[in-house]
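Please open the model in your viewer and keep the sequence panel beside it, since this tour moves from one selection to the next. At each stop you will be told what to select and what is to be found there.

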Amino acid sequence: MERENQFIGQSGAFLDAVERASRAAPMDRPVLVIGERGTGKELIAERLHRLSTRWGEPLVTMNCAALPETLIEAELFGHEAGAFTGATKARAGRFEEADKGTLFLDELGTLSMGAQERLLRAVEYGEVTRIGASRPIRVDVRIVAATNDDLPALAKSGEFRADLLDRLSFEVITLPPLRVREGDVVVLAEYFARRMAAELDWQGWPGFAEHVMGEMENYAWPGNVRELRNVVERAVYRWDDPEAVISHVQFDPFESPWKPAAPPHRRDEHRSDGSGSASAGSVSRPASIEYESVDDLRNAVDAHERAIVEHALGKHRWNQRQTAKALGLSYDQLRHCIKKHGLMEEQAE
C-alpha cells in the first residue's frame with residue numbers, strides 16, 4: 001500500500017463510503033470492500049486497520065491474483081519442510097504473520113475453491129494448518145477483503161462459496177467510481193498537479209487551462225483515481241513552461257502516430273464487438289455534445305469546432321503551424337478559426 005496516499009474528495013457518495021469505513025473500523029468483524037480498479041480499496045483497508053483496536057499490530061496484505069493457484073494455499077497458511085517440492089524449510093503463512101492484526105486479501109474473487117474452503121475454516125474457528133502439518137495453529141486475525149467481482153453472482157453460480165461469503169460480509173463497503181463523484185475530479189487533479197509541480201521544483205502552480213479541465217471532467221475515467229493521477233502527473237511533467245497554464249493533457253499514453261498496427265485478426269475482433277476501428281482514446285472519451293439536447297445546430301457546431309481547435313493548440317503548445325498541419329488546415333484557415341473563437345485573447349490572459 002502507498003502510505004503517502006490520502007483520502008481526497010468532497011462528493012457525498014465518496015464521503016459516505018469513508019464514513020461507513022470509519023464506523024466499521026472498531027468492530028472486530030470481517031469487512032468486504034467492493035469497487036472498480038483504482039477506486040481506493042487499499043486505502044479503505046488501511047483505514048479499517050488504523051482506526052481499529054489492532055492499529056499497533058501488523059497489517060499484512062496479500063494479492064490473491066498475484067500467485068498461481070498451486071502456491072496460494074502455502075502463502076496463506078504456510079507449510080512445513082518437505083511438504084512439497086521446493087519446500088526446503090518451514091515457513092509461516094500470512095495468517096500467522098497477521099496474528100493479532102489485520103489480513104487484507106485483495107482480489108478475493110480469484111481464490112480457488114480449495115483455498116476458499118481452508119479460508120472458511122480459518123475464519124470460523126480461528127485455526128490454520130500449515131501444508132504438511134498435522135496440528136492446527138490458533139490465530140487471532142481480522143479479515144478485510146476486496147474485490148471488483150460480483151461475489152453474490154459468483155456464489156449463485158457456484159464459483160464462490162456462499163457460506164464463506166456469508167462469513168466475510170458482516171459489513172460491505174462499496175466505493176463509488178470517480179465518474180459519479182461530483183466535483184472530485186477538479187479537487188483531485190489540483191492536488192496531484194500541485195504535488196507534481198513541487199516535485200519538479202516549480203516555483204508556483206500555473207493551473208490548468210479551462211478546456212483541459214473540461215476534458216478531464218467529461219472523461220469516463222475507467223481507471224478511476226489511479227488513472228487520474230497518472231494523467232495529471234504526466235501532463236505536468238511534460239509541460240515545459242512552469243509560468244504558463246497547462247493547455248494539453250493526454251489520456252491514453254499509448255496514443256501515437258507511430259503506434260504499431262494490430263494484427264489483422266485482432267482488428268477483426270475489434271470490429272466484431274461493435275467498437276469499429278476508432279482509437280483507444282476516442283472510444284474511452286464520452287461525447288461532449290448531447291445530441292438530443294441540441295436546439296441550435298450552428299452554435300453546437302461552433303462549440304465543437306472551438307473545442308477541437310483549442311485542444312489541438314494546447315497539444316502543440318500553441319505552435320500554430322504545427323496545429324494547422326495536424327488538423328489538415330492551412331495556416332490562414334487556422335488563424336481564421338482562432339480569431340473566430342477568440343482563442344488568442346484567452347491565451348493572452
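**Stop one: an enclosed helix**

Begin by selecting residues 41-50, which form helix H2: seven of its ten residues are buried, so this helix is largely enclosed by the rest of the structure. Here buried means under 20% relative accessible area, exposed means over 50%, and partly exposed is in between, with a 1.4 Å probe and protein chains only. Helices (H or I, at least four residues) and strands (E, at least two) are DSSP runs, numbered from the N terminus. What you are viewing is a predicted model, in which local features need pLDDT of at least 70 and side-chain atom pairs count only at pLDDT 80 or more, while totals for chains, interfaces and linings use all residues. Residues are numbered from 1 along each chain as its sequence is written, and side-chain values use heavy atoms, with hydrogens and water left out.

Which residues of H2 are buried? They are Lys41, Leu43, Ile44, Ala45, Glu46, Leu48 and His49. If you now show the surroundings, the elements covering these buried residues include helix H1 (12-24) and the strands S1 (31-34), S2 (59-63), S3 (102-106), S6 (142-147) and S7 (171-174).

**Stop two: the sheet**

Next, select S2, S3, S6, S1 and S7, which in that order make an open sheet of five strands with parallel pairing; two strands pair if DSSP finds at least two bridges between them. S2 and S7 are the edge strands, each of them pairing on one side only. On average, and with direction ignored, neighbouring strands of this sheet are turned by 20° against each other. Axes are lines fitted to C-alpha atoms, for helices over the stretch in contact, and angles run from 0 to 180 degrees between N-to-C directions.

Now narrow the selection to S1, where both faces are covered: Val31 and Val33 on one side, and Leu32 and Ile34 on the other, are all buried. S1 pairs in the parallel sense with S6 over four bridges, and it also pairs in the parallel sense with S7 over four bridges. Leu32 is a good residue to pick out, for its bridge partner in S6 is Ala145, while in S7 its bridge partner is Val172.

S3 and S6 likewise pair in the parallel sense, over four bridges, and Phe104 stands opposite Val144 in S6. Add H1 to the view, and you will find that H1 packs on the sheet by touching S1, S6 and S7, with a direction that makes about 155° with that of S7.

**Stop three: the nonpolar cores**

A nonpolar core is a set of buried Ala, Val, Leu, Ile, Met, Phe, Trp, Tyr and Cys residues joined through side-chain atoms within 4.5 Å. Select Leu76, Phe95, Leu103, Leu105, Leu108 and Leu119, which touch the most other members of the largest such core, a set of 31 residues. At least two residues of this core come from each of S1, S2, helix H3 (69-77), S3, helix H5 (113-125), S6, helix H6 (151-156) and helix H7 (162-168). H5 gives the most to this core, with five residues. Apart from this core lies another, of 28 residues, among them Trp202, Met216, Tyr219 and Val249.

**Stop four: two loop residues**

Go now to Lys100, in the loop between helix H4 (94-97) and S3. Lys100 has a positive phi of about 75° although it is not a glycine, and it is partly exposed, with a relative accessible area of 44%. Then select Asp201, in the loop between helix H8 (184-199) and helix H9 (210-218). Asp201 also has a positive phi, near 65°, in a residue other than glycine, and at 62% relative accessibility it counts as exposed.

**Stop five: a pair of helices**

Finally, select H14 and helix H15 (residues 331-341), which pack at an angle of about 100° with their axes 9 Å apart. H14 and H15 are therefore roughly perpendicular to each other, since angles under 35 degrees count as roughly parallel, over 145 as roughly antiparallel, 65 to 115 as roughly perpendicular and the rest as oblique. Their contact (heavy atoms within 4.5 Å) is made by Gln320, Arg321, Thr323, Ala324 and Leu327 of H14 and by Tyr331, Leu334, Arg335 and Ile338 of H15.

End on Thr323, in helix H14 (residues 320-327): is Thr323 buried or exposed? At 0% relative accessibility, Thr323 counts as buried.
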